[in-house]
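Reader: I am new to reading structures. Could you walk me through some of the words people use for them?

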Amino acid sequence: MTTDLSNKEAILHAARAFVQEESSKHSDGHDWSHIERVTTLAVRLAEHMGADPFVCELAALLHDVPDEKLNDSLEAGMAKLHTWLDNQALDFDTRESVVNIISTISFAGGQGAAVDSLEAQVVQDADRLDALGAIGIARTFAFSGARGREMYDPSLPPREQMTREEYRNGRSTTINHFYEKLFKLKDLMNTSYGKELAQRRHEYMVQFVEQFKQEWEGTDV
């Protein structure tokens, strides 16, 4: 069985409604605006790279549903995702593709394995692009503020190697997060179009962090 066009449109409509409700609970950079941007980027990248647009759009819409940062646990989040998928008229292969994408695209402290499909590459790139540039800066400070993380401590160096648990729960600062994750993303992009966009956004972030440190230290006067 394959998912026909009318069913695809209905499923995407249902996904948007479901995720809008879920994301309304968050004001830490994982809100509906983030989902919309990632989805728009995923559709654009899918067109450029020849990936399945429906799989990419659906996975992008749902990608934060099981996020362990936004649930009691990863297991609880995955159960929520599967419960929603159980009520959709999806063929087996499409459902498996969507679940696989969502399960494998997380940065996870740099411990995640390489994704194994073009659609996963597209959605991962789209999600990572929204962590870069001006929006990425704003989201980083929003998340850190929501979690009570301090902006900067010059005596606390960025961590070089981390387990998934250390990345999630160890002590760090907002500025350190640029070194621990964000500055690494441009070299981890999968698609040619994603790499092009990431380079521009990366350069903007580097300039911001340099200016931030100059102002912090009072050397910009």
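Reader: Which helices do the buried residues of α3 pack against?

Author: Happy to help, and please keep in mind that this model is predicted. The buried residues of α3 pack against α1 (5-23), α2, α4 (74-86), α5 (92-104) and α6 (118-129).

Reader: What makes α3 "mostly covered"?

Author: A residue counts as buried when its relative accessible area is under 20%. In α3, nine of its ten residues are buried. Among them are Phe-54, Val-55, Leu-58 and Leu-62.

Reader: Why are α2 and α3 called roughly antiparallel?

Author: Look at the angle between them. Helix α2 (residues 32-49) and helix α3 (residues 53-62) pack at about 165 degrees, with their axes 8 Å apart. Angles over 145 degrees count as roughly antiparallel, and α2 and α3 therefore earn that name. As for handedness, α2 passes α3 in a right-handed crossing.

Reader: Which residues of α2 and α3 meet there?

Author: From α2 come Trp-32, Ile-35, Val-38, Thr-39, Ala-42, Val-43 and Ala-46, and from α3 come Pro-53, Cys-56, Glu-57, Ala-60 and Leu-61. Sorted by kind, the residues of this contact are ten nonpolar, one polar and one charged. Of these residues, Cys-56, Glu-57, Ala-60 and Leu-61 are also on the list of buried residues of α3.

Reader: Now the aromatic rings. How many aromatic pairs does the structure hold?

Author: The structure holds ten.

Reader: Why is the pair of Phe-178 and Phe-183 called tilted?

Author: Start with the distance: ring centres must lie within 6.5 Å to pair, and those of Phe-178 and Phe-183 are 5.9 Å apart. Then take the planes: under 30 degrees would be stacked and over 60 edge-to-face. The planes of Phe-178 and Phe-183 are at 50 degrees, so the pair is tilted. Both of these residues are buried.

Reader: What makes Phe-208 and Phe-212 a tilted pair?

Author: The reasoning runs along similar steps. Their rings are 6.2 Å apart centre to centre, with 45 degrees between the planes, and the pair is tilted. Phe-208 and Phe-212 are four residues apart in helix α10 (residues 192-217), which means about one helical turn separates them.

Reader: How do you know whether Phe-208 and Phe-212 are buried or partly exposed?

Author: Compare each value with the 20% and 50% limits. Phe-208 has a relative accessible area of 27%, so Phe-208 is partly exposed. Phe-212 has 13%, so Phe-212 is buried.

Reader: Which residues form the aromatic cluster?

Author: Phe-141, Tyr-152, Phe-178, Tyr-179, Phe-183, Phe-208, Phe-212 and Trp-216 form one aromatic cluster.

How values were computed:
Residues are numbered from 1 along each chain as its sequence is written. This is a predicted model: local features need pLDDT of at least 70, side-chain atom pairs count only at pLDDT 80 or more; totals for chains, interfaces and linings use all residues. Side-chain values use heavy atoms; hydrogens and water are left out. Axes are lines fitted to C-alpha atoms, for helices over the stretch in contact, and angles run from 0 to 180 degrees between N-to-C directions. Helices (H or I, at least four residues) and strands (E, at least two) are DSSP runs, numbered from the N terminus. Angles under 35 degrees count as roughly parallel, over 145 as roughly antiparallel, 65 to 115 as roughly perpendicular and the rest as oblique. A crossing is left-handed if the near helix is turned anticlockwise from the far one by less than a right angle, and right-handed if clockwise. Contact means heavy atoms within 4.5 Å. Ala, Val, Leu, Ile, Met, Phe, Trp, Tyr, Cys and Pro count as nonpolar, Asp, Glu, Lys and Arg as charged, and the others, Gly among them, as polar. Rings of Phe, Tyr and Trp (its six-membered ring) pair if their centres lie within 6.5 Å; planes under 30 degrees apart count as stacked, over 60 as edge-to-face and the rest as tilted. Buried means under 20% relative accessible area, exposed over 50%, partly exposed in between (1.4 Å probe, protein chains only).
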